[in-house]
Amino acid sequence: MQAIDQLTYIATCIFAAATPGPGTISVIHCSMRFGFKRTLPLIIGIQAGLGFVAVLSMCGIIVLISTSKVLFYTLQFIGGLYLFYLGIACISSAFKGQSINQDKPEMQPFSFVAGYMMSVFNPKTLIFFSALFPAFIDPQQGLLKQNLYLTAILLLSTLSVHFCYAKIGQYSARFLMAHQTKIDLLSGVIFILLAIYILLGSSI
């Protein structure tokens, strides 16, 4: 891969990770509410999900899924339902009026599993690997090596962006604790809107 292509791909990965989506919003919300350390399982889960989808892409399964409307829309539907659940969890937490210090770890809905599921069932992830990913692969070179290289860049870019968001969210929480209920409500509404958008798309 040429240097210009590498820079283009890195910029694409960073932009994709920074663009508001289920993973990014959950990292920001979780870090603001629970702190940086308790957001790490969520971030790692997102990375694990991306890695799993990358393996599927290497095996050609992603191409099969993207060409099968039934499979693709089924994944969209499952992902939409899960985002809807996260939205309800945020709104429920807002109405309970719990403070950050009162929340118990087991009550946190944004866990490793949550991050993993958001990556695996996120339509943006499937589209990235099935459509955009192949655009940066040179068919004249070793496919496995290129796939591993591109996946490593994607994971590192996503991890870096989410780490930055988590740190910003943690420090912002000190100033926004007085508006915690509004933050939970806003996060819940955003998740539900994303869920509705995905669910409507899966029904077309």
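Which element gives the most to the lining of the largest cavity? The exercises below work towards this and related points on a predicted model.

**Exercise 1. Describe the secondary structure and the overall packing of the protein.**

Step 1. Nine helices and zero strands make up the secondary structure. Read from the N terminus, the order is α-α-α-α-α-α-α-α-α.

Step 2. Of the 204 residues in the protein, 44% are buried.

Step 3. Take the contacts between residues at least 6 apart in sequence: 85% of these join residues at least 24 apart.

Step 4. The protein exposes about 10,800 Å², and 73% of this area comes from carbon and sulfur atoms.

**Exercise 2. Characterise the largest cavity and its lining.**

Step 1. Three cavities of 30 Å³ or more are counted. The largest cavity holds about 260 Å³ of space.

Step 2. Its lining has 19 residues, and those nearest the centre are A16, L50, N122, K124 and T125. Two or more lining residues come from each of α1 (3–18), α2 (22–34), α3 (40–58), α6 (112–120), α7 (123–132) and α8 (143–176).

Step 3. The opening question can now be settled: α7 gives the most to this lining, with four residues.

Step 4. By residue class, the lining of the largest cavity has ten nonpolar, eight polar and one charged.

**Exercise 3. Compare N122 and K124, which are among the residues nearest the centre of the largest cavity. Is each buried or partly exposed?**

Step 1. Place the residues. N122 sits in the loop between α6 and α7, while K124 belongs to helix α7.

Step 2. Apply the cut-off for burial, which is under 20% relative accessible area. N122 has 11% relative accessibility and therefore counts as buried. K124, with a relative accessible area of 36%, is partly exposed.

Step 3. List the contacts, setting aside residues up to four places away in sequence. N122 is in contact with P22 and M117. K124 touches A16 and T19; A16 is itself among the residues nearest the cavity centre.

Step 4. Check the C-alpha separations. N122 and G21 are 101 residues apart along the chain, and their C-alpha atoms are separated by 9.0 Å. For K124 and Q76, 48 residues apart in sequence, the C-alpha to C-alpha distance is 9.8 Å.

**Exercise 4. Describe the largest nonpolar core and the surroundings of one of its residues.**

Step 1. The largest nonpolar core has 35 residues. Those with the most contacts inside the core are Y9, L42, L86, F110, M118, F129 and F191.

Step 2. The elements that give two or more residues to this core are α1, α2, α3, α5 (69–96), α6, α7, α8 and α9 (180–202).

Step 3. Take L42 as the example. Apart from residues up to four places away in sequence, L42 touches S26, V27, C30, F110, S111, F112, A114, G115 and M118. Of these partners, F110 and M118 are also listed with the residues that have the most contacts inside the core.

**Exercise 5. Which elements hold G188, S157 and S57, and what surrounds these residues?**

Step 1. Start with G188, in helix α9. Its relative accessible area is 0%, so G188 is buried. Beyond residues up to four places away in sequence, G188 touches G87, C90 and I91. G188 and Y85 lie 103 residues apart in sequence, with 9.2 Å between their C-alpha atoms.

Step 2. Continue with S157, found in helix α8. S157 counts as buried because its relative accessibility is 8%. With neighbours within four places in sequence left aside, S157 is in contact with I10, C13, I14 and A17.

Step 3. End with S57, in helix α3. A relative accessible area of 14% means that S57 is buried. S57 and F129 are 72 residues apart in sequence, and 6.4 Å separates them C-alpha to C-alpha. F129 is one of the residues with the most contacts inside the largest nonpolar core.

Technical notes. Residues are numbered from 1 along each chain as its sequence is written. This is a predicted model: local features need pLDDT of at least 70, side-chain atom pairs count only at pLDDT 80 or more; totals for chains, interfaces and linings use all residues. Side-chain values use heavy atoms; hydrogens and water are left out. On a 1 Å grid over the protein atoms alone, a cavity is a set of points where a 1.4 Å probe fits but cannot get out, and a pocket is an open set with protein on both sides within 12 Å along at least five of seven lines; lining residues have an atom within 4 Å of a point. Grid points are joined across faces, edges and corners, and a volume is the space filled by probe spheres set on the points. Ala, Val, Leu, Ile, Met, Phe, Trp, Tyr, Cys and Pro count as nonpolar, Asp, Glu, Lys and Arg as charged, and the others, Gly among them, as polar. A nonpolar core is a set of buried Ala, Val, Leu, Ile, Met, Phe, Trp, Tyr and Cys residues joined through side-chain atoms within 4.5 Å. Buried means under 20% relative accessible area, exposed over 50%, partly exposed in between (1.4 Å probe, protein chains only). Contact means heavy atoms within 4.5 Å. Accessible areas come from the Shrake-Rupley method with a 1.4 Å probe; for residues, only the protein chains shown count as cover.
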